Amino acid sequence: MFLFLSKLLPIFIYPLGLSCLLMLVALVTLWKRPKWASAAIASALVILLLSSNGWVANGIAQSLEWQHLPSGELPNAAAIVVLGGGTKPAIYPRPWVDVSEAGDRVLYGAELYNQGKAPIVILSGGRIEWKGGGPPEAEDMAQIVRAMGVPNSAILQEPNSLNTYQNAVEVRKLLEARNIEKRVLLVTSATHMPRSLRIFQRQGIDAIPAPTDFLVSQQELDELSESWQSVTLNILPDAYRLQQTTQSLKEYLGTIIYRLRGWL
């Protein structure tokens, strides 16, 4: 139930859901309390315009992504841990496993193995039965890293976890069961790294951040005010930036909830 509620309730806090809720309030109060309705509509408009603004979207994402930028070359470790959340199963009409933008996690994990950073790649992620279906994400990720040259003997799958806390708990159990040193390269999306790193460290794992899937680069920050054309486009609402803001807010909200549960 916690897993379902953790997906459902935040919808009404994120910009799009909150704006829809405010517009519903406007519809209900339109005839008897037009001032309330006007305030609700205005609030919804402001929320949507701000959250789909280039400066806001990039600023919030950068505040997360740039917390754990590697200062140099990543060190070697006992294992590379790749967190799920970036694949879609090979269910009709997909001919093979698909990767979403967060699928950079899997690609980067395989690349780190090919660089010789660790002898083992641990793929962590199950699959929520009522959300898409298909085999565990760990199994899908294994197909991708094998295609990128990682031998089956170097792949360990952790197919049971359904959230970041469970990722850390199950990976710790796997490391202990196989007597693998708890010094690992942790690969996940850059926005997800601050929360993930603290959770893994709380489990006694010496996790070294190896972020990927960056939403914001220095060039994109420079482009925000580079010309009048870019300024104009970044002021106007954009669905991608709305999604980017929502993703960042999800991480901040997740941090609060995980801290309240004692997982951080």
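The following exchange between a student and a tutor concerns a predicted model of one chain.

Student: How many helices and strands does the secondary structure of the chain come to?
Tutor: The model is a predicted one, and its chain has 264 residues, of which 46% are buried. The C-alpha atoms fill a box of roughly 65 × 45 × 40 Å along the principal axes. Within that box, the secondary structure comes to eleven helices and seven strands.

Student: Among contacts in the chain between residues at least 6 apart in sequence, what percentage joins residues at least 24 apart?
Tutor: The count leaves aside pairs that are not at least 6 apart in sequence. Of the contacts that remain, the share joining residues at least 24 apart is 72%.

Student: Which helix gives the largest share of the nonpolar patch on the surface?
Tutor: The patch is formed by Phe4, Leu8, Leu9, Ile11, Phe12, Leu21, Leu24, Leu27 and Val28, which together have about 840 Å² of accessible area. Two elements, α1 (2–8) and α2 (15–29), give two or more residues each to this patch. Val28, one of its members, has a relative accessible area of 64% and is therefore exposed, and Val28 lies in helix α2. The largest share, four residues, comes from α2.

Student: Is Thr164 buried or exposed?
Tutor: Thr164 lies in helix α7, which spans residues 164–177. Leaving out residues up to four places away in sequence, Thr164 touches Leu83, His192, Arg195, Ser196, Ile199 and Tyr258. Its relative accessible area is 7%, and because buried means under 20%, Thr164 counts as buried.

Student: Which residue forms a salt bridge with Lys117, and where does that residue lie?
Tutor: A search of the whole structure finds eight salt bridges, and in the one that involves Lys117 the closest N and O atoms are 2.7 Å apart. This pair links distant parts of the chain, 44 residues apart, with Lys117 in the loop between α5 (104–114) and β4 (121–124). Lys117 is buried at a relative accessible area of 5%, whereas its partner is exposed at 71%. That partner is Glu73, in the loop between α4 (54–65) and β1 (79–83).

Student: Which strands hold Asp206 and Arg183?
Tutor: The side chains of Asp206 and Arg183 meet in a salt bridge, at 3.3 Å from N to O. Asp206 is partly exposed, with a relative accessible area of 39%, and Arg183 also counts as partly exposed, at 28%. The two residues are 23 apart in sequence, so the pair ties together separate parts of the chain, namely strand β7 (residues 206–212) for Asp206 and strand β6 (residues 183–189) for Arg183.

Student: Which residues are linked with Glu176 in a network of salt bridges?
Tutor: Glu176 forms a salt bridge with Lys182, their closest N and O atoms being 2.7 Å apart. Glu176 counts as partly exposed at 39% relative accessibility, and Lys182 counts as partly exposed at 27%. The residues linked with Glu176 in the network are Arg172 and Lys182.

Student: Which residues gather in the patch of negative charge on the surface?
Tutor: One member of the patch is Glu220, whose place is in helix α9 (residues 218–223). Glu220 is partly exposed, with a relative accessible area of 34%, and because patches are made of residues with over 30% relative accessible area and no salt bridge, that value meets the area cut-off. The residues that gather there are Glu220, Asp222, Glu223 and Glu226.

Notes:
Residues are numbered from 1 along each chain as its sequence is written. This is a predicted model: local features need pLDDT of at least 70, side-chain atom pairs count only at pLDDT 80 or more; totals for chains, interfaces and linings use all residues. Side-chain values use heavy atoms; hydrogens and water are left out. Patches are made of residues with over 30% relative accessible area and no salt bridge: like charges are joined within 9 Å, nonpolar side chains (Val, Leu, Ile, Met, Phe, Trp, Tyr) within 5 Å. Accessible areas come from the Shrake-Rupley method with a 1.4 Å probe; for residues, only the protein chains shown count as cover. A salt bridge is a side-chain nitrogen of Lys or Arg within 4 Å of a carboxyl oxygen of Asp or Glu. Buried means under 20% relative accessible area, exposed over 50%, partly exposed in between (1.4 Å probe, protein chains only). Lys and Arg count as positive and Asp and Glu as negative; His and the chain ends are not counted. The place of a charge is taken as NZ of Lys, CZ of Arg, CG of Asp or CD of Glu. Contact means heavy atoms within 4.5 Å.
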